[in-house]
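Let's take a look at how two protein chains sit against each other. Have a scroll through the sequence and the 3D view before reading on.

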Amino acid sequence: MGEVELSCRAYVKMYLHACLFPRCSVNGLLLSSSSSAGGAVCVTDCVPLLHSHLSLAPITQLALTQVDVWCSQTQQRIVGYYQANACTSDSSPTPCALKIADKIAEQFDGAVLLMLDGSKMSPDYRVPPIVMYERKDSRWTLKDKHTIMLRQWEEIRDVASQMLDSGDHSLLVDFDSHLDDITRDWTNQKLNSKIAELCSPVNGNI
Amino acid sequence: MASVSELYDVGWEEMRDKLRKWREDNSRNSEQIVDVGEELISDHASKLGDDVWIIYEQVMIAALDCSRDDLALTCLQELRKQFPDSHRVKRLTGMRLEALERYDEANKHYDAILEDDPTNTAARKRKISILKAQGKNGEAIRELNEYLEHIALWHSHDLAIPAFCLEELMMTNPHNHLYCEQYAEVKYTQGGLENLELSRKYFSQALRLNNRNMRALFGLYMSASHIAASPKVSAKVKKDNIKYAAWAANQINRAYKLAGRGTKENKCSMKAVEEMLDSMQITMS
């Protein structure tokens, strides 16, 4: 299918989410603020969702509904799903990942399923530690690596490491944490600003 | 001998409420339950409404604990008359047989339940406790393992195992709102009207134990909304669940308004919640 581009903000937040809960499986939603032009999808943001009981329905349903509402208020849409498994040697999508991705694909044709590969997440890794799937003939199949774009990967990778080193990942709020304390903001405006400061000399479109 | 109501100067309503509290707290004060329950049933059964059945069950189990087989049998017979095909009542029949050490007959009852409903964890647990009572620990362990494997064979992600574990945890930690809430989530995920109703009850219980548990609050809202929207429920059940959902929505709104007063940080999430609650209200009516 088409090209998928990951923005600095989307990648960094996913990365920090996985780093914040190293012993848990984590997941989240991928968002886009632009309409797909020529079949290309630009993932401009992500919303980290859970770090516990990923396969239980109520909170997932709740989160999907709330993110949906927020998207319609902010001219964004849900275009994909990401997950990082607790077991770093296994980056295959779980049944619950497939279910959620299916739901997203119902609403958006070019939906993507992204798995973070824990075994490749060291700071100086040469290629992005991600495995992406797209929907072909009702099945999730591996996407051709050449259709996945991360502009200026090395700089983005460095921004992520830098933020991890300075402890900025503790600023990240996922939906689970929001339910523990509802004064915390799962849209992560504060973190977004920090990322923007570090990324803007690097990336034309955040 | 003086009656409970004379001794403690209480009316039947207080006796009924005491029994309810002991149920909710999962207290095993069987002698008290037998004293209060026996009197309540013999003198005030007609006033108890639908509560009478759960009271029969509670008193029956307590009676077994106190070797009061006469009382246990009375309660069991009432339940059998009212719910002739119920697995839950079959399990109680089995428990009485266990108390009388008629283990083979008890096992037959549990096997009958399992033939009809292989996912019935209560029956499996009783079978395992029979083995323990007979001192057959090795076999008990084997049965448990077999059960777990069996589950793994049908569905790779069956929630029966977490349900089983959470049931045990709730029994030994009845005040822990987290276990209650998680159990409710498992039931909700398993789906179907009966499980949804159970999930709603456990979300409510979690809230009783901790009224600031947001997951339980949202869970109550969602389960009650789904039950109300189901075509299979009676008008009364629909009405009740709309009430529960409305109460929960109100509490959620209040919580978010309170949270929003401090910082402007979570304005986005507050607006999202408001709109979500609005839109769900519309689909329900």
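How many salt bridges are there between chain B and chain A?

## Charged links across the interface

Keep in mind that this is a predicted model. The count between chain B and chain A is 2 salt bridges. One pairing you can look up is A:Asp180 with B:Arg215, a salt bridge whose closest N and O atoms are 2.9 Å apart. Beyond salt bridges, there's also polar contact to consider: 5 residue pairs, both partners at pLDDT 80 or more, make one between chain B and chain A.

## Who does the touching?

On the chain B side, at least two residues each come from helix 11 (177-190), helix 13 (214-229), helix 14 (235-260) and helix 15 (267-284). Helix 15 of chain B gives the largest share, with 7 residues. Sort the side of chain B that touches chain A by class and you get 14 nonpolar, 7 polar and 5 charged residues.

Overall, 26 residues of chain B are in contact with 27 residues of chain A. Together the two chains bury about 2400 Å², and 63% of that is on carbon and sulfur atoms.

## A buried acid in chain A

Now switch to A:Asp185, in the loop between helix 5 (175-180) and helix 6 (189-199) of chain A. What is the nearest side chain of opposite charge to A:Asp185? That's A:Lys13, 8.4 Å away, and A:Asp185 has no salt bridge even though it's buried. The side chain of A:Asp185 does make a polar contact, though, with the side chain of A:Thr187 at 2.6 Å.

Methods:
Residues numbered from 1 in each chain as written. Chains lettered and ligands numbered in written order. Predicted model: local features only at pLDDT ≥ 70, side-chain atom pairs only at ≥ 80, totals over all residues. Heavy atoms only, no water. Contact = heavy atoms within 4.5 Å. Buried area = accessible area lost by both parts, 1.4 Å probe. Salt bridge = Lys/Arg side-chain N within 4 Å of Asp/Glu carboxyl O. Polar contact = N/O pair within 3.5 Å; in protein donor to acceptor, adjacent residues only side chain to side chain. Helix = DSSP H or I, 4+ residues; strand = E, 2+ residues; numbered from the N terminus. Nonpolar A, V, L, I, M, F, W, Y, C, P; charged D, E, K, R; others polar. Buried < 20%, exposed > 50% of the residue type's maximum accessible area, 1.4 Å probe, protein only. Lys, Arg positive; Asp, Glu negative; His and termini not counted.
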